[in-house]
Amino acid sequence: MKKLLSLFAIGMLVIAGCQSVDTDDTTSSVSEEIQDDSSIAPDEEVAEEETQDYFSVMPGAEVTECELTLANEIFAGSEIEDMHPDQITGCFAIDDMIFAFVSQPNTWTALTGVREWEAEGHEAWSGLLYSDDGNLFEVFLKISNEDYNPVGFYLQEEALVLDTADDEGAGSGEGNLLRFVYPFAGVADELLYQWAAESCTGYYIPETYSVEDGSCAG
């Protein structure tokens, strides 16, 4: 059942300098669960309505950083078998919702333990995990673009925004920006609850990047 999620204006700046690109290979288990109407029986619909809606954000809500230990504790019991615990590189909260960055090794990201894990035949990926009210993590987004890792996460009007950067920059940590947007209100129904990538004309420099400017310019 597609749910219209209630959100008052957050007052963030509008995304600048971006254009849509194809994301057919990008997956999101949570968004698929939300959009799959056929699997929800009438009794399940009633039970679902009694729980907190995904991404139902109250007025004034904001993204805050949380300790990595919290993300690690939630991940410990999660049934996610295709990632190494050291891939969790960031923890963020919106009210009772917890999100965790998942990073992969690249030129600027050592993750020695993950590299050793890959040498055993595993394949690391990057993206975002999601936990509702401290429950176990679910995979929210897998980024198919090689060598891109999350660098910023925030609310943009009626959407979640995840900024990522690759390792193609001239200096340590610098790279090209790629933005992923997840609208939960304010767009046509067919665009709700799914990630869309937006290429950015800007360039990521860790020392100057700020999510507050709401811009891909970095």
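## D95 and its setting

Let's start with D95, which is partly exposed, with a relative accessible area of 48%. That value falls short of the cut-off for exposed, which is over 50%. In this predicted model, D95 sits in the loop between β3 and β4. The two strands form a hairpin with two residues between them.

The backbone of D95 deserves a look as well: its phi is near 55 degrees, a positive value in a residue other than glycine. For context, most residues other than glycine have a negative phi.

## Strand β3 and its neighbours

Now to the strand that leads into this hairpin. Strand β3 covers residues 88-94, and six of its seven residues are buried, leaving the strand mostly covered.

β3 pairs with β4 (residues 97-102) in an antiparallel arrangement joined by six bridges. Within this pairing, C91 stands opposite A100 in β4. Strand β2 (residues 64-65) also runs antiparallel to β3, and two bridges join them. If you want to find this contact in the viewer, look for E65, whose bridge partner in β3 is F92.

## E157, another positive phi

Further along the chain there is E157, which has a positive phi of about 55 degrees although it is not a glycine. E157 lies in the loop between β7 (149-156) and β8 (159-165).

How exposed is E157? With a relative accessible area of 40%, E157 is partly exposed.

Key:
Residues are numbered from 1 along each chain as its sequence is written. This is a predicted model: local features need pLDDT of at least 70, side-chain atom pairs count only at pLDDT 80 or more; totals for chains, interfaces and linings use all residues. Side-chain values use heavy atoms; hydrogens and water are left out. Buried means under 20% relative accessible area, exposed over 50%, partly exposed in between (1.4 Å probe, protein chains only). Helices (H or I, at least four residues) and strands (E, at least two) are DSSP runs, numbered from the N terminus. Two strands pair if DSSP finds at least two bridges between them.
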